[in-house]
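This briefing describes a single protein chain, first as a whole and then through one of its helices.

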Amino acid sequence: MDKAFAIFDMDGTLVDSMDYWRGLAREYLARQGLAPSPELLERIKPMTMTQSAELFIRTFGLSGTPQTLAGEMNAMIEAHYRGDIPLKEGVALYLDRLRRDGVRMCVASATALPLMKACLDRLGVLDYFDFLLSCEEVGWGKDRPDVYHEAARRLGASPGEIAVYEDALGAAKTAKMAGYYVVAVYDGGTQPWEELKKLADEAIDNWKEET
């Protein structure tokens, strides 16, 4: 990667949190006596928590507003971000190398800003980033490029100058179509890896091998 700027996804890219998120949807819906399909779990991955709540209401006829459901789910996942979600092995060394090379970095994630900050601070990597940006702040998930464009604006760079690190195919497609240099990151086989690698400009199978 030879770009001067980098936008990192967090969940599944920097930290091993996707099992917690998949478990969150199952746990939350189980409390309502419901079970999500694999298709639903895949569909919500690039969504904000509020968008996921809207989908649950439409799909299952749950009572409450998207905001109240999102608040309940947020409370359930917060303990994991503050307590036990781990950094992927090799990430800290990779970030350190980029910083030494003068790369300016930020995080753009569908996760709420307080949870991002708490997690990355606990894991000791928060200071590598100029800022953190949540999809909640721009009002759209990564099915649209708004969060990448806002991150680019804050970095003072154009899409062609920025590498976007993503583990999700849908988000990677969005970034690629918007003109960003895409780095695919492997996350335990939960994504169609060969398709993601084909789409991307560069691929990381294992962070440890990049340091």
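The points below cover the overall fold, the surface and charge, and the setting of one helix.

The model is predicted. Its protein chain contains ten helices and six strands, and buried residues account for 50% of its 211 residues.

**Overall form**
- The radius of gyration of the protein chain is 17 Å, which agrees with the value near 17 Å for a compact globule of 211 residues.
- Along the principal axes, the C-alpha atoms of the protein chain occupy a box of roughly 50 × 35 × 30 Å.
- Of the contacts between residues at least 6 apart in sequence, 64% join residues at least 24 apart.

**Surface and charge**
- The exposed area of the protein chain is about 9500 Å², with 49% of it supplied by carbon and sulfur atoms.
- The side chains include 24 positive and 34 negative ones, and the centres of these two sets are 1 Å apart.

**Helix α5 and its surroundings**
- Helix α5 spans residues 91–100, and its buried residues are Val91, Tyr94, Leu95 and Leu98.
- These buried residues line one face of α5, because they fall within an arc of 95° when seen down the helix axis.
- In an α-helix there are 3.6 residues a turn, so residues three or four places apart point the same way.
- Leu93 and Arg100 are exposed on the other side of α5.
- The cover over the buried residues of α5 includes the strands β1 (5–8), β2 (104–109), β4 (162–166) and β6 (202–204).
- Gly102, just after α5, has a positive phi of about 85°.

Notes: Residues numbered from 1 in each chain as written. Predicted model: local features only at pLDDT ≥ 70, side-chain atom pairs only at ≥ 80, totals over all residues. Heavy atoms only, no water. Helix = DSSP H or I, 4+ residues; strand = E, 2+ residues; numbered from the N terminus. Rg over C-alpha atoms; globule rule 2.2 N^0.38 Å. Buried < 20%, exposed > 50% of the residue type's maximum accessible area, 1.4 Å probe, protein only. Contact = heavy atoms within 4.5 Å. Areas by Shrake-Rupley, 256 points an atom, 1.4 Å probe, with all protein chains shown as cover. Lys, Arg positive; Asp, Glu negative; His and termini not counted. Charge placed at Lys NZ, Arg CZ, Asp CG, Glu CD. Arc of directions from axis to C-beta.
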